[in-house]
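Thank you all for coming; I would like to walk you through one model this morning. Please keep the sequence and the coordinates open while I talk.

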Amino acid sequence: MDSLARIPVLFKIEDIGEAEGELVRFMAPRTVSAIVKKLPLESVCAVWMGEVYFEVPVTMGEEKATTTIEKGDIAYWPMGNAVCIFFRETRPYSAVNRIGKIKKNLELFDRVKNGTRIRMEKC
């Protein structure tokens, strides 16, 4: 059964593997809803410091935005219309809407290079 509050997601990273995450609606309800409606999403990754991000067809403004994140956080970056995965202790380039957490295989994102294809889908 689908939980309305927590949505399990899978990140399929080309030639690297799969990571499991969870979107948490209360973190940014409008942002999470907009992204879930667009799943599955496929894109190309970019890497910036301890972060992998990829553009998504979702345009949202800031919602409970922050520049303080934790390793393993999944966020939406309003400035870049992108989903971000923070795989190391770092700071985002600009404010992000935290939307979830990677639950399994976070270390895979350390192997992602610019141009790596990624697919985000519901589990």
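Asp-15 is exposed, with a relative accessible area of 75%, where exposed means over 50% relative accessible area, buried means under 20%, and partly exposed covers what lies in between, with a 1.4 Å probe and protein chains only. Asp-15 sits in the loop between strand S1 (6-13) and strand S2 (17-24), and its phi is near 60°, a positive value in a residue other than glycine.

Before going on, I should say that this is a predicted model, in which local features need pLDDT of at least 70 and side-chain atom pairs count only at pLDDT 80 or more, while totals for chains, interfaces and linings use all residues. Residues are numbered from 1 along each chain as its sequence is written, and side-chain values use heavy atoms, with hydrogens and water left out.

Asn-81 also has a positive phi in a residue other than glycine, in this case near 45°. Asn-81 belongs to the loop between strand S5 (73-77) and S6, and at 21% relative accessibility it counts as partly exposed. For background, most residues other than glycine have a negative phi, and most peptide bonds are trans. On the second point, the peptide bond from Leu-39 to Pro-40 is cis, with omega near 0°, and Pro-40 is located in the loop between helix H1 (29-38) and strand S3 (41-48).

Which residues does Glu-121 contact, once its neighbours within four places in sequence are left aside? They are Pro-8, Val-9, Leu-10, Lys-12, Leu-39 and Pro-40, where contact means heavy atoms within 4.5 Å; Leu-39 and Pro-40 are thus the two residues of the cis peptide bond. Glu-121 itself is part of strand S8 (residues 117-122) and is buried, with a relative accessible area of 13%. Its side chain makes a polar contact with the side chain of Arg-119 at 2.5 Å; a polar contact is a pair of N or O atoms within 3.5 Å, and within protein one must be able to donate a hydrogen and the other to accept it, while residues adjacent in sequence count only if both atoms are side-chain atoms.

Another buried residue is Ala-95, with a relative accessible area of 18%, in the loop between strand S6 (82-86) and strand S7 (97-104). Not counting residues up to four places away in sequence, Ala-95 touches Glu-62, Ala-65, Thr-66, Thr-67, Trp-77 and Pro-78. Ala-95 and Met-120 are 25 residues apart in sequence, and their C-alpha atoms are 22 Å apart in space.

Turning to the whole chain, there are 1 helix and 8 strands, and along the sequence they follow the pattern β-β-α-β-β-β-β-β-β; helices (H or I, at least four residues) and strands (E, at least two) are DSSP runs, numbered from the N terminus. The radius of gyration is 13 Å, close to the 14 Å that the globule rule gives for 123 residues, so the chain is as compact as a globular protein of that length; the radius is taken over C-alpha atoms, and the rule is 2.2 Å times the number of residues to the power 0.38. Along its principal axes the C-alpha trace spans about 35 × 30 × 25 Å. Buried residues make up 50% of the 123 residues, and among contacts between residues at least 6 apart in sequence, 65% join residues at least 24 apart.
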